[in-house]
Structures are given as structure tokens and as C-alpha cells.
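Welcome! Here is a short briefing to read alongside the structure, one topic at a time.

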Amino acid sequence: MSSDASIAYTVIATNDEKDQPSLQDLRQQLENGKDDAKIETMKKILSIMSSGDLLPQLLMHIIRFVVPSKNKQLKKLLLFYWEFCPKYNSDGKLKQEMILVCNALRNDIQHPNEYIRGMTLRFLCKLREVELLEPLIPAVRSCLEHRHAYVRKNAVLALSAIYKNFEHLIPDAPELISQYINGESDQNAKRNAFNMLINTKPTLAVKYLQSVWSQVTGSFDELMQLASIELIRKDCRNPSAEKAKYIQCLFALLQASSHTVKYEAANTLVALTSHTGAIKGNIFLNDQLAAASCYIELIIKVSDNNVKLIVLERLNELGEKHDRVLDDLVMDILRPRY
């Protein structure tokens, strides 16, 4: 397969050439229209830009007449526009107008409305211009202390994306998030922070997981439990990893309420150890169910036949790798569902 096959294109087709407004029409609509009219105009502009015409002549008009608006929908469309619009001159230097754009983004990151803050922070994950991002770092960091969890979780995503693409802009991001996660109470924000540590500095993620062992099977929600399993799967390759604690944690997660967590815990447990006692057995480590029993329980309880086939395939692989280990569980597999 050629490399071109992986490229995606957006094609916008209009039924009539009259559907395409002129630049002058667009300027007048931006200048004279109310917010509702400007929303429709911005949608037209984005549609034209998606078809290939980037309309660089409208940049200052949009900065003058759209940026000052407080309308949430208009601000959302404006973020789409910032993603599309050309930000550099023909000589490769950042356009001077981008200074005004940077200032507008900073104001929205510090906006009193948490929705506007959050969606602007989310937009920063897509921004790839260092000159625009660098002045915004202090404002993004301050959002980690915002009272609304929606703002905090998007601030974590923004910091993670900036650190991934431009590490030099915020070299202490992992340490900052490591301190932040200990005081975070919202599960979604905590999950975003935990995933960032897993992907950027696993040692800090392991340190955090070790400090909250009791919460993994207690107060952690499904997504945090899945993130914990992912970390265990990655860190178990480390010779100095505490595999005994990992195995104990995975056995505990086999009793989780989520079928997804049970399935991933069983898969990781099988990968982590080839010890027969850890793969089979209904009584091991305080009567916790082992991977094979967990697979069978999922097959019996889950109604989706596609899921059943996937789990049966895993169970079959387990039986092939560990001869006769499933012998005592055959009747459980054949047990009726009623």
C-alpha cells in the first residue's frame, strides 16, 4: 500500500456557484451582522476553507468583528477557524496578526466561564505553533487550580499535548502533574493526569500507583482501573517491578463490576505470569477468581455474541499454552446461562 493511501481529504461540493459568497459579502456580513448572522457567516467561511480556499484576506475582519463576541457558539466556530487559517507569511515568519490571536486565546483561557476556558484549553492540544503556545503556558498552568473539574481536566490534556510536541516549553510538566494528581478528586481529571504520567514519565506513574493501592479496587472508576492495568502491563517488563503486588492487584480487579476491567485484568494476568496457580484455581490470594474463571464468567454473563467469541478465543489460547489447565473448568464452560 502506498503512503498516499493513508491521507484523508475533506471534499466540499456546492450545488450552485451562487452558493459561494464573495469576499465583500462576507466582510459586510461580519461587520454588520448580529451574533446569529455572524454564526452563519462563520459556517460559510469554514465551509469554503475546507474546500481549499483559506481566505487569508478575512483574517483581520474576523479578529475585529468576531473575536470580541461573547457568544459561546461563535467562540467555538472561531476555534475551528484558528485551526484552519494560515498563520505564517510566505517568508515563513509568523504573521503579525497572530499576536492579537494569541492575546484572544489567553483571554479565553482566563475567561470566567468554565466552558469557554475548557474548550479553549482543548483547542491548544491541536496547536503546533511554538510562538503562539509559549506565551500561553502560565495561563494553562494556572488552570490546574481552577474550581471546575472541566477546566482542570482540559488543562491536563493541554499540558500533555504541549509537553509531547514541545518538551522545552514546559520541561517540568511530569513533576507538575505528579504533584497535581495527589490533590485531585475528580476521576476524569485524575485519569487524564495519570495517563499523561504513564506516557511521559512512567516512574512517576508507578510511584503514584504504589501510593494508592487500596483505591484501585475501591474508589477508582472504570477508566482509572483500566489506566492502572495499562501501567502494570507496561511496567511488568521492568526487572525491578514489584510483580507480586501487580499480580495481587490484578487478582483483585478480576472481581470488578466492569466486564471490560475484568477482561483486561485477566489478559494482563496471563501475560504477567505463566504460573499454573495464577492462571487456574478458584481459591488463590484470598479466594480471588483467576484469569480462566474470569473468562468463563464473562462468557456466561455477557449477552453480546461478538464479545463471547473474543473471550472464547482468549480462553482457547490459554488452553493451548498451558496444557490441561482448563480440564477442571470444562463443566463451568458448558454451564447453562439460566
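## Two helices that meet

In this predicted model, A173, P174, I177, S178, Y180 and I181 of helix α10 are in contact with A189, K190, A193, F194, M196, L197 and T200 of helix α11. Sorted by type, the residues of this contact comprise 10 nonpolar, two polar and one charged.

- Helix α10 covers residues 173-183 and helix α11 covers residues 187-200.
- Their axes come within 10 Å and cross at roughly 145°.
- The crossing of α10 with α11 is left-handed.

## The chain as a whole

- The chain has 20 helices and zero strands.
- It has 338 residues, and 45% of them count as buried.
- About 18400 Å² of the chain is exposed, with carbon and sulfur atoms supplying 49% of that area.
- Among contacts in the chain with a separation of 6 or more, 61% are between residues 24 or more positions apart.

## Salt bridges

How many salt bridges does the count come to? The count comes to nine, and three pairs are described here, beginning with K75 and D108.

- **K75 and D108.** The side chains of K75 and D108 form a salt bridge, at 3.0 Å from N to O. K75 sits in helix α4 (residues 72-84) and D108 in helix α5 (residues 98-109), so to speak two distant parts of the chain, 33 residues apart, that the pair links. Are these two residues buried or exposed? Both K75 and D108 are buried.- **D172 and R141.** The side chains of D172 and R141 also meet in a salt bridge, at 3.0 Å from N to O. D172 lies in the loop between α9 (149-165) and α10, while R141 lies in helix α8 (residues 137-142), so this pair ties together parts that are 31 residues apart in sequence. D172 counts as partly exposed because its relative accessibility is 30%. R141 is partly exposed too, with a relative accessible area of 29%.
- **R233 and E264.** A salt bridge joins the side chains of R233 and E264, at 3.0 Å from N to O. Because R233 is in helix α14 (residues 222-235) and E264 is in helix α16 (residues 259-272), the pair ties together parts that are 31 residues apart in sequence. R233 is partly exposed, at 31% relative accessibility, and E264 is partly exposed, with a relative accessible area of 25%.

## Some residues to find in the structure

- **I198.** This residue lies in helix α11. Is I198 buried or exposed? I198 counts as buried because its relative accessibility is 3%. Leaving aside neighbours within four places in sequence, I198 is in contact with A205, A227, E230, L231 and K234. The C-alpha atoms of I198 and P174 are separated by 9.6 Å, and these two residues are 24 residues apart along the chain.
- **E129.** Look for E129 in the loop between α6 (114-124) and α7 (130-133). E129 is buried, with a relative accessible area of 13%. Which residues does E129 touch, not counting residues up to four places away in sequence? E129 touches K87 and Y88. Between the C-alpha atoms of E129 and K87 there are 8.4 Å, although 42 residues separate the two along the chain.
- **F84.** Helix α4 contains F84. F84 is partly exposed, with a relative accessible area of 35%. Leaving aside neighbours within four places in sequence, F84 is in contact with L46, M49, S50 and L54. The C-alpha atoms of F84 and M49 are 7.2 Å apart, and the two residues are 35 residues apart along the chain.

## A backbone angle to look at

- Most residues other than glycine have a negative phi.
- L55 is not a glycine, yet its phi is positive, at about 45°.
- Where does L55 lie? L55 lies in the loop between α2 (35-50) and α3 (59-65).
- L55 is buried, with a relative accessible area of 5%.

Note on methods
Residues numbered from 1 in each chain as written. Predicted model: local features only at pLDDT ≥ 70, side-chain atom pairs only at ≥ 80, totals over all residues. Heavy atoms only, no water. Helix = DSSP H or I, 4+ residues; strand = E, 2+ residues; numbered from the N terminus. Buried < 20%, exposed > 50% of the residue type's maximum accessible area, 1.4 Å probe, protein only. Contact = heavy atoms within 4.5 Å. Areas by Shrake-Rupley, 256 points an atom, 1.4 Å probe, with all protein chains shown as cover. Axes fitted to C-alpha atoms, helices over the stretch in contact; angles between N-to-C directions. Left-handed = near helix turned anticlockwise from the far one by under 90°. Nonpolar A, V, L, I, M, F, W, Y, C, P; charged D, E, K, R; others polar. Salt bridge = Lys/Arg side-chain N within 4 Å of Asp/Glu carboxyl O.
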